[in-house]
Amino acid sequence: MKSTNPHRWRTIDIVIASVVAVAFGVIFWAWDAVWAATENAFLFFPPAQAILYGMWFLPAVLSGLIIRKPGAAFFTETVAALISALLGNKWGATVIVQGAAQGLGAELAFALFRYRVFSLPVGLLSGAFAGLVAAVFDWFVWTYAYELWNYRVPYALFTVASATVIAGAGAWLLVRALAPTGVLDRFGAGRERALI
């Protein structure tokens, strides 16, 4: 008998979440190099480098918008962070815990709408929540020794803004670009495109 639970994961959901996670795990690893290469460009105001931070939240929002099931954002972000750690980065295994926390932040926006609304505002909120969780995590793990008002607060604001734009809007635009190709036809995003 076929399950009628709309929140139950299908095999295709697991496969797509895993593919997105692995792809972004590699992108994260490459983005680590971009982050390192741009440090000198932000010497005028180091917290501003956080405008690049949003890339690290994109798979969580993307997966949430495509799969539309509880745990999609969390699973994808956590696995992407794990892949990134396995490939090697300067932050070590701590990124796995950080990725899980960011995934939970992104997940919260979808949960607030009971996994029924997948609009641009929800994508933006998901990105913003992921960025907020990352900023708070960073306050206690990475930037605790820095001055509050001259570094940590601006860093947090840049992080949330970057997450909202790159992860939130970026994921939504990516779904909109993928839907017409037919690759999302087994998901709500693809079926919505077919109805237009």
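A contact means heavy atoms within 4.5 Å. In this predicted model, 72% of the contacts between residues at least 6 apart in sequence join residues at least 24 apart. Local features need pLDDT of at least 70, side-chain atom pairs count only at pLDDT 80 or more, and totals for chains, interfaces and linings use all residues. Residues are numbered from 1 along each chain as its sequence is written, and side-chain values use heavy atoms, without hydrogens and water.

**Fold and dimensions**
- The protein has seven helices and zero strands (DSSP runs: H or I of at least four residues for helices, E of at least two for strands, numbered from the N terminus).
- The C-alpha trace spans about 60 × 30 × 25 Å along its principal axes.
- The radius of gyration, over C-alpha atoms, is 17 Å; this agrees with the value near 16 Å for a compact globule of 196 residues (2.2 Å times the number of residues to the power 0.38).

**Burial**
- Of the 196 residues, 46% are buried (under 20% relative accessible area, 1.4 Å probe, protein chains only).

**Largest pocket**
- The largest pocket holds about 580 Å³ of space.
- A pocket is an open set of points on a 1 Å grid where a 1.4 Å probe fits, with protein on both sides within 12 Å along at least five of seven lines; lining residues have an atom within 4 Å of a point.
- The lining has 26 residues, and the closest to the pocket centre are Trp-35, Lys-90, Trp-91, Trp-142 and Tyr-155.
- Helix 1 (11-38), helix 3 (72-87), helix 4 (94-112) and helix 6 (148-178) each supply at least two lining residues.
- Helix 4 gives the most, with four.

Terms used. Points joined across faces, edges and corners; volume = space filled by probe spheres on them. Buried < 20%, exposed > 50% of the residue type's maximum accessible area, 1.4 Å probe, protein only.
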